[in-house]
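Got your viewer open and a selection tool ready? Then follow along, one stop at a time.

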Amino acid sequence: MPHIGDFLAEMLMRYDVDYVFGMPGGQTTALHDGISRRAPKIRHVLVRDERSAAYAADAYARLTGKPGICDVTVGPGTTKLPDGLVEALNASIPMIALVGELPLDWLSLRSKGVASQGFDQVAFLQTITKATYLVPSVEALPDLIRTAFRVATGPRPGPVALLIPHEVMDAEWDEEKIKPVIDDRHKFSPSIRYAPATQDIAAAAKMIAAAKRPAIVAGGGIHASDATQLLTEICDQLQPLVVTSLSGKGTVPETRPYVAGVLNALGSAAAIELIKEADLVIWCGSKASQNTAMNWTLPLANQATITIDADPLEHGRTFRPTLALCGDVKLTLEVLRAQLTAKPIKSWLARIAEVKAANEVVIGTEMAVESSPIQPPRVMRAVAERLTEADVVISDASWSAGWIGAYIKSIAPGRRFLYARGQGGLGYAVPAAIGAGAVQSDRGGRVITVSGDGGHSYAIGELATLAQNGYRVINIVLNNGTLGWLQMWQEFFFSNLRQSVDLGFGEKPNYAAAADAMGLKGIQVRSAAGIDAALDEAFAFNGASVVEVLIDPRATPIHSFRRRLAQPDRKMARPGTVYELREWKISPSLDNA
Ligand SMILES: Cc1ncc(C[n+]2csc(CCOP(=O)(O)OP(=O)(O)O)c2C)c(N)n1
Ligand SMILES: [Mg+2]
């Protein structure tokens with residue numbers, strides 16, 4: 001007779017889940033048995049660390065819109081999940097963690113690991129998930145699986161943990177009694193879309209028509225709502241200034257003349273300059289986080305604002321918008337589009353073109369530097385030249401986010417740039433490439449990760465996962481021998497301190513050699529002259545590779561750090577904005593609106 005592991009695998013398959021990422025334990029073996037019997041419709045990918053399973057599921061979800069599924073065993077498997085769960089919680093990514101649990105009636109034995117690997121998993125997971133459920137019986141399981149999918153994909157999407165006790169997972173599956181019935185509305189996120197009130201849409205259209213210098217801050221919520229194509233069409237018609245958050249990169253292609261790039265302290269200088277000149281700023285699918293809102297100096301006090309967000313609680317968190325459009329981004333844009341009368345404004349487009357052109361000169365010069373030590377913009381240029389619309393780029397935290405953000409342009413609407421900005425945790429890129437690699441192996445594109453040596457060191461074990469599965473992943477390691485960001489922070493603000501920031505010693509670690517030993521193609525690049533050949537080789541390789549580039553340790557994408565490096569004798573105080581409470585502003589109305 002089949003068991004409940006079969007039932008669980010059957011339910012997942014019916015929800016169109018084709019990959020599950022995890023690490024086995026005795027409590028979850030029935031699930032793996034169930035999956036293996038249904039392969040290749042549903043497949044299990046073995047990771048080397050459960051932390052990576054959650055990150056892989058996160059990337060899978062971002063690229064497919066389906067909940068990412070990961071599985072761990074009770075105890076030490078569960079305690080490695082938080083990095084991925086908090087990232088998904090903060091970034092509103094649909095995810096389901098299938099968690100092994102000790103038998104239900106061993107309650108008193110869980111404490112202090114008297115029963116092997118036991119601890120209070122529910123309490124542990126509750127604060128870092130959208131919902132956590134302990135399955136009380138075989139009979140309750142079908143409904144709780146449906147609940148997990150409904151909650152993970154419903155507004156606002158997020159991670160759900162489902163704890164399945166050992167005796168439930170191993171029980172026989174009575175197919176007459178336990179039916180694998182799913183709710184097909186919850187295969188994808190968002191599973192429900194709603195539009196704002198009609199009068200709010202009319203008011204928004206009027207404001208947009210009255211604006212002289214309209215701007216859109218496009219956030220990750222646009223990707224989550226699958227609204228990139230629609231937003232791009234609307235923007236082609238209106239031609240407002242468009243800037244994006246890191247997560248929003250790719251919502252409107254950066255090749256459009258009115259798009260000024262990523263708004264962030266390490267993003268596009270043109271975006272930072274131009275957004276301040278707007279009279280109306282539409283925050284679309286963006287929570288105006290600390291980084292995108294430039295330490296909440298944005299929006300400016302004199303800027304009228306419209307917020308578009310599906311979460312009613314998001315409107316007004318950091319400022320009081322002039323107008324709040326509470327609704328699914330795509331549906332809201334659809335109804336708004338029908339009422340838009342605004343036309344492109346020549347003077348504003350000319351100003352955007354002027355600032356962008358000046359910035360392009362600077363960026364172009366940086367990307368052309370052929371001398372040693374290697375400058376990261378030159379590396380990014382070489383990556384950009386080889387990218388196609390089918391490829392996916394994954395950023396680690398650290399300066400990699402800035403190098404990608406400012407020097408690789410998105411060329412088509414769609415989510416092809418992944419940033420873990422929910423937490424900004426180091427060590428995301430390589431594990432996320434497992435999930436992206438699985439998706440791309442079916443779609444036919446490549447995956448490119450960019451990390452610093454610090455971030456890359458977190459998940460070197462997972463390089464074997466990439467190689468074993470034959471995923472076409474090119475991992476670029478920008479090796480400056482240090483935790484660059486912290487090294488400069490110490491130097492600037494703590495009188496040249498150099499404590500616990502150096503990762504390199506002599507010629508080691510050699511990340512290319514390590515990759516080679518793990519079954520990948522490992523290439524080390526020491527001079528700018530070698531960049532193109534190395535990337536040609538890696539991009540053409542039908543498998544996983546690591547391209548380690550020894551870069552200038554004085555290179556940084558942070559604009560304020562660059563100013564400090566250029567004026568070493570000027571005494572500069574630690575940025576006060578790190579501690580200051582933001583000013584909660586009330587956005588004004590727009591003249592003539
Ligand atoms: C998990 C985690 N720990 C610590 C930090 C703080 N942090 C931010 S950037 C950074 C240095 C990153 O070094 P590396 O990956 O080598 O990139 P680089 O800055 O040198 O380009 C650190 C430690 C973080 N973001 N995430
Ligand atoms: Mg580094």
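**Stop one: a parallel sheet**

Start with six strands that make up an open sheet, running in the order E15-E14-E16-E17-E19-E18, with parallel pairing. Keep in mind as you click around that this is a predicted model. Select 417-419 for strand E15 and 521-525 for strand E18: these two stand at the edges, and each has a single partner strand, so one side of each is left without a neighbour in the sheet. Look along the sheet and you can see the twist: on average, neighbouring strands are turned by 15° against each other, direction ignored.

Now go to residues 447-452, strand E16, and residues 473-479, strand E17, which pair in the parallel sense over 6 bridges. For one of these pairings, pick Gly-452: its bridge partner in E17 is Leu-478. Then add residues 376-386, helix H14, which packs on the sheet and touches E16, E17 and strand E19 (545-550). The direction of H14 makes about 170° with that of E17.

**Stop two: a second sheet**

Next, select the strands of another open sheet: 6 of them, in the order E2-E1-E3-E4-E6-E5, with parallel pairing. Its edge strands are E2 (43-46) and E5 (131-134), each pairing on one side only. Here neighbouring strands are turned by 20° against each other on average, direction ignored.

Stay at the E5 edge and bring up strand E6 (residues 159-165): E5 and E6 pair in the parallel sense over 4 bridges. Click Thr-132 and look for Ala-161, its bridge partner in E6. What packs on this sheet, touching E1, E2 and E3? Select residues 429-443 and you have helix H16, which touches strand E1 (19-22), E2 and strand E3 (68-72). The direction of H16 makes about 160° with that of E1.

**Stop three: Val-122**

Pick Val-122, found in helix H5 (residues 121-126). Is Val-122 buried or partly exposed? It has 14 C-beta neighbours inside 10 Å, so Val-122 counts as partly exposed. Leaving aside its neighbours within four places in sequence, Val-122 is in contact with Thr-132, Leu-134 and Leu-163. You have met Thr-132 already, as the bridge partner of Ala-161.

For a sense of scale, draw a distance from Val-122 to Ala-270: the two C-alpha atoms are separated by 47 Å, and the residues are 148 apart along the chain.

**Stop four: helix H8 and its two sides**

Select residues 198-210, helix H8. At 1.5 Å a residue, its 13 residues should span 18 Å, and the end C-alpha atoms are 19 Å apart, which agrees. Colour the buried residues of H8, namely Ile-201, Ala-204, Met-207 and Ile-208. They cover an arc of only 125° around the axis, which puts them on the same side of H8. Spin to the other side of H8 to find Thr-198 and Gln-199, which are exposed. To see what covers the buried residues, show strands E7 (214-218), E10 (280-284), E11 (304-309) and E13 (323-326) along with helix H12 (329-337), all included in the cover.

**Last stop: zoom out**

Show the whole protein chain, with its 22 helices and 20 strands. Its C-alpha atoms fill a box of roughly 75 × 65 × 45 Å, taken along the principal axes. With 593 residues, a compact globule would have a radius of gyration near 25 Å, and the protein chain has 25 Å, which agrees. Colour by burial and buried residues make up 53% of the 593.

Methods: Residues are numbered from 1 along each chain as its sequence is written. Chains are lettered from A and ligands numbered from 1 in the order in which they are written. This is a predicted model: local features need pLDDT of at least 70, side-chain atom pairs count only at pLDDT 80 or more; totals for chains, interfaces and linings use all residues. Two strands pair if DSSP finds at least two bridges between them. Axes are lines fitted to C-alpha atoms, for helices over the stretch in contact, and angles run from 0 to 180 degrees between N-to-C directions. Two residues are in contact if their C-beta atoms, placed from the backbone, lie within 7 Å. The expected span of a helix is 1.5 Å times one less than its number of residues. A residue is buried if 20 or more other C-beta atoms lie within 10 Å of its own, exposed if 12 or fewer, and partly exposed in between; C-beta atoms are placed from the backbone. The arc is that of the directions from the helix axis to the C-beta atoms. The radius of gyration is taken over C-alpha atoms; the globule rule is 2.2 Å times the number of residues to the power 0.38.
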